[in-house]
Amino acid sequence: MHSNSFLKPASRRAMLRDSATLAGSAFLAQLLPASLLRAAVPFPQQQNAPADPVAAFRAQMAANPIHPQTLAENLTLLSGPGGNVVVLNGTDGKIVVDTFVLPAWPKLKESLETIGEAPVKTVINTHWHFDHVDNNASLHAAGATILAHENTKKRMSEAHDLLVLGLHFPPSPADALPEQTFSTTRKMQANGQTLVLEHLPPAHTDTDIIVHFQKANVIHMGDTFFNGIYPYIDASTGGKVSGMIAAADKVLPLANDSTKIIPGHGPLGGKADLVKFRDMLVTVRDRIQKLKSSGKSAQEAVAAKPFADLEEAWGKGFFSGDVFVQILYTAL
Ligand SMILES: [Zn+2]
């Protein structure tokens, strides 16, 4: 199911134009080049639309270099080709959270080898989306066990169409599926660290977990946190904006002023960044709830420009406010 029906062609073109004007931002250029943003919203009138938008997404994301950053003694953040990967290194074997997009595999492999000689023992997926699970099969083939919430396995086993973005995903091959799953929480000890994995009520999807490295004071929130940019909320697999707010409310009491909070997309953050993100979500939810309750269609809501005052601070990442209005209309 595509969202194209939400908007008449003229509005679609206006939305596309608005999105394209964001292309100048350096941050956007790193996250998502303009051509990809256009590919992300499949307008029939669009010139040069890629034949395969998912492949275009993968290729563009994979073009980003990997930036390594030390989080703690044996904990490294790799940022770049489609999100934020965390690597816990040590003699017990590496534990890797998320996996980048498929064409980034040679770069990810090289980065993992640079971190240390230990093989990857466990791969943890924060949720089912392609830019987080794409290299499961390669890591599995290299000897790793894939671990995720049981809904991640379920969602990866099904075909899905992402609303508003119009991206289609067939079921994942068997060798990419998580081999170990859990339903509520899972605790692990490895390489001197304690990891607590916890499933969240439906937020970005119904598959989301947070990964808390307690000793290192690091929390990976997957895509329940986009730092400094409007998030995607995947209503096709249970995502809800109220759940996104609840996810922030769950993590904030676990954090202090030194906690490193890793978003699914955007730069490494802290407690203050997550508070700002949460407050933005409350604001946009309340505004969209009001518009929807008053009987406005998504098209009318976009035309009302309800996020005009937020655009400068939040609208320079994946989505303009116009696109985010549509996403929220699916995810109240
Ligand atoms: Zn996601």
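Are F318 and F319 buried or exposed, I asked at the start? I found F318 buried, and F319 is buried too. I note here that the model is predicted.

**Rings**

I searched the whole structure for aromatic pairs and got 11. F318 and F319 make one of these pairs, and the pair is tilted. Their ring centres lie 5.9 Å apart, with 35° between the planes. I also looked for ring clusters. Ring pairs join F57, W128, F130 and F169 into a cluster.

**Sheet**

Next I followed an open sheet. It has 5 strands, in the order 10-11-12-13-14, and the pairing is mixed. Why do strand 10 and strand 14 each have one side without a neighbour in the sheet? Strand 10 (185-190) and strand 14 (260-262) stand at the edges with a single partner strand each, so one side of each is left free of a neighbour in the sheet. I looked up the twist as well: from one strand to the next, it averages 15°.

I then took one pairing inside the sheet. Strand 11 (residues 193-199) and strand 12 (residues 209-213) run antiparallel and pair over 5 bridges. I checked E198, and its bridge partner in strand 12 is I210. I added a reminder for myself: strands of a sheet pair through backbone hydrogen bonds, either parallel or antiparallel.

**Cores**

Which residues touch the most other members of the largest nonpolar core? They are L274, F277, F307 and F324, out of 75 residues in that core. Helix 10 (residues 271-293) gives the most to this core, namely 8 residues. Another core, of 21 residues, lies apart from it; A72, F182, L197 and F213 are among its members.

I went back to F307 and listed its contacts, leaving aside neighbours within four places in sequence. F307 touches Y230, V284, R287, I288, G321, F324, V325 and L328.

**Two helices**

Several of those names led me to helix 13, where G321, F324, V325 and L328 are among the buried residues. Of the 10 residues of helix 13 (residues 321-330), 9 are buried, so this helix is largely enclosed by the rest of the structure. D322 and Q326 are also included in the buried set of helix 13.

Last, I turned to helix 9 (residues 241-251). Its buried residues include V241, G243, M244, I245, A247, A248 and V251. What covers the buried residues of helix 9? I found strand 12, strand 13 (218-220), strand 14, helix 10 and helix 13 among the covering elements.

Methods
Residues numbered from 1 in each chain as written. Predicted model: local features only at pLDDT ≥ 70, side-chain atom pairs only at ≥ 80, totals over all residues. Heavy atoms only, no water. Phe/Tyr/Trp six-rings, centres within 6.5 Å; stacked < 30°, edge-to-face > 60°. Buried < 20%, exposed > 50% of the residue type's maximum accessible area, 1.4 Å probe, protein only. Pairing = 2+ DSSP bridges. Helix = DSSP H or I, 4+ residues; strand = E, 2+ residues; numbered from the N terminus. Axes fitted to C-alpha atoms, helices over the stretch in contact; angles between N-to-C directions. Core = buried A, V, L, I, M, F, W, Y, C linked by side-chain atoms within 4.5 Å. Contact = heavy atoms within 4.5 Å.
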